[in-house]
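Biologist: Could you take a close look at one helix for me, and at what surrounds it? I would love a connected account.

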Amino acid sequence: MSTSELVTSQHLQKKAVIYIRQSTPHQQISNQESLRLQYALQERAQRLGWHAQDVEVIDADLGLTATSAQHRTGFQELVAKVTLGQVGIILSVEVTRLSRNCSDWYPLLDVCGYRGCLIADNDGIYDPGSANGRLLLGLKGQLSELELHTIRARMTAGLLNKAARGELALTLPVGLVRDALDHVHKDPHQEVQDRLDLVFTTFLRLRSASKVLGFLNAEDLALPRRDRFGDVVWKKPTVAIILQILKNPAYAGAFVYGRTRSLPRDPAALRSKQVRLPMEQWRIRVNDVYPAYISWEAFERIQAMLLDNYAEYDRNKTRGVPRPGAALLHGMVYCGECGHKLVVQYKGGTRYLCNFLRQKYRVPVCQHIPGDAVDPPIVQAFFQALSPIELDVYSRAVAAQQQSTEQVSHAHHQHLERLRYEAALTERQFLRVDRDNRLVAAALGKRGNEALAEFKRVEEAEAQRDAPALPLLSLSEELQMAFKAIGQHLPALWQQGVISQPQKKALLRCLIDKVVVHRPSPEWVQARIVWRGGESTQLQIPVPVGSLKDLSGAESMERLVLERSAQGATDEAIASELTAQGYRSPMHPFVLPSTVRGLRLKHRQFLVRHQSHPRSVAGSLTLTQLAKELDIAPHWIYDRINNGSIQISKDAKTRLYLFPDQPATLEQFNALRAGTVKTIRF
């Protein structure tokens with residue numbers, strides 16, 4: 001029987017839909033009373049006048065939040081039934097069960113008002129089609145959306161306050177443990193501590209995570225990790241694991257909260273997208289909270305190295321890891337016209353190419369600079385800046401190598417000791433088990449055999465590794481002295497091939513921050529070297545051009561060549577004079593004698609008039625002269641000489657084919673051409 005004047009016979013002819021929802025799967029298990037209360041709404045629908053067969057329950061959204069309707073199939077089904085006019089009333093314990101988002105709530109009210117569908121909760125029954133009903137339901141929807149924000153703010157206020165003091169208990173990385181009194185200590189496992197120290201020291205030495213991975217794989221060393229139960233396990237190293245260790249501020253003793261930010265993604269997704277923030281945008285950071293493996297200054301230096309190694313040139317403007325390519329300035333060259341970073345192109349020679357605007361706007365390339373011409377002057381400027389410096393590089397390199405060798409040897413001995421303990425532990429467990437319990441005994445026996453086999457394998461590998469005691473470094477006395485005065489001797493080492501391409505690039509980056517290049521004319525490149533610390537050096541570098549006309553002083557140089565050649569100067573002397581005056585050849589920074597000779601011969605100025613063959617011989621015709629007289633091609637005569645139709649020998653003095661300069665010669669050739677004779681002889 002209906003107990004509300006809003007419920008009419010038209011409503012009773014349609015269905016009564018009960019919408020049931022709980023926000024999380026945990027609430028489904030822990031809050032059973034709320035679930036029973038929602039299912040009890042079926043009795044209320046019957047008291048309002050609906051028959052039991054006309055009452056429908058929609059509970060497909062159990063465990064889903066109401067912040068969005070995109071992922072709630074039950075809510076979408078409800079809206080579809082209301083739109084089709086099949087629903088007379090919607091019952092829910094609270095209207096917040098339907099939606100906590102006004103963008104989903106008000107469209108439902110509009111559809112219900114248009115189709116004459118009522119909405120009921122524990123407080124009463126409302127008609128969305130009336131002004132009062134829409135006002136009350138609208139307020140309830142707005143309050144439910146605000147309530148979600150209020151609850152979240154209330155829950156996170158205390159959390160942020162505790163995090164600001166560095167006392168919030170976050171998940172600790174491997175190598176740090178929390179005791180029963182909530183104090184954080186280093187892991188008592190000494191091998192874990194030493195292995196993490198090895199990762200940090202190796203990265204600071206090699207400056208690349210991928211090189212650290214190669215080092216660990218070459219030494220067959222594993223890295224400690226935590227499994228899902230929090231226990232320490234040893235796994236094969238990967239770049240991802242190494243980066244997680246290097247990027248975790250807890251190893252520097254810092255408590256950090258808010259390293260990521262939640263960004264909305266596809267509305268159908270249940271979770272938002274997590275984006276990592278740069279260090280300067282971290283919300284809370286408290287130093288010296290945890291026992292540190294490295295100092296905070298070392299951590300910042302590691303992050304700067306990682307960021308610089310990330311070779312996303314166009315967007316992040318980083319330099320990338322030094323690579324074996326021929327371009328020594330890759331990652332450091334910027335365009336003097338548009339300011340963007342230049343990329344390296346090895347097709348057709350080493351070139352620095354500015355193609356940012358071409359890729360983005362499909363416009364012509366700003367400029368392209370030949371690397372073989374630009375790199376040497378920059379390197380010379382680097383040598384001049386480094387020449388006053390004296391560094392005891394050799395002693396430092398030996399000390400670093402000894403420290404690395406000792407750390408690796410210590411890590412291998414710790415690994416062997418851990419495997420020895422694990423083999424002994426499995427043996428003790430096997431001896432304590434009841435032999436009649438064959439299933440357990442078989443499993444423990446198999447585990448013990450595997451542990452013992454692994455121990456034997458590592459022990460043999462360690463014995464082979466210790467057998468060849470090779471000297472640490474074998475350098476001659478001269479090379480040691482060169483390293484001790486590296487500033488003066490580096491140019492010689494640079495040319496001897498002792499230093500590899502990646503090492504050369506790393507050395508250049510120690511002093512050079514960037515190089516800005518601009519090509520105002522085809523023959524010159526203006527380079528500005530920005531040194532570490534902000535100082536700069538300007539250079540004007542000649543670059544190769546395609547031809548002599550591309551040089552700005554080509555006309556004056558040509559005039560000087562003709563003048564000096566007319567005075568009888570040699571090509572070498574003219575080339576030296578022009579080089580001293582600042583002139584150059586197209587492909588070289590100085591004037592070549594061949595350039596002078598080419599200009600001279602172009603204007604038919606000969607130093608000594610001579611030729612390899614005389615132009616004419618008295619009383620004879622050369623083959624070319626005869627062909628001209630007969631108006632035929634010279635190769636026609638050569639072809640008949642080769643096949644024997646014309647029998648003649650070369651003159652011993654001139655080494656030419658000479659024909660008698662007589663009318664009979666022309667008559668014989670005309671007869672041969674006409675076919676009246678087969679051969680002619682001279």
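Modeller: Happy to; here is helix H11 and the core it belongs to. This is a predicted model, where local features need pLDDT of at least 70 and side-chain atom pairs count only at pLDDT 80 or more, while totals for chains, interfaces and linings use all residues. Residues are numbered from 1 along each chain as its sequence is written, and side-chain values use heavy atoms, leaving out hydrogens and water.

Helices (H or I, at least four residues) and strands (E, at least two) are DSSP runs, numbered from the N terminus. H11 covers residues 296–309, 14 residues in total. From first C-alpha to last it reaches 20 Å, close to the 20 Å expected at 1.5 Å a residue (1.5 Å times one less than the number of residues).

Buried means under 20% relative accessible area, with a 1.4 Å probe and protein chains only. In H11 the buried residues include Trp296, Phe299, Ile302 and Leu306. The buried residues of this helix pack against helix H8 (190–206), helix H10 (239–247) and strand E13 (284–286), where contact means heavy atoms within 4.5 Å.

H11 also gives two or more residues to the largest nonpolar core, as do H8 and H10. Such a core is a set of buried Ala, Val, Leu, Ile, Met, Phe, Trp, Tyr and Cys residues joined through side-chain atoms within 4.5 Å. This one has 45 residues, and Phe200 is among those with the most contacts inside it. Leaving aside residues up to four places away in sequence, Phe200 touches Ile302, Ile245 and Leu246, among others.

Technical notes
Buried means under 20% relative accessible area, exposed over 50%, partly exposed in between (1.4 Å probe, protein chains only).
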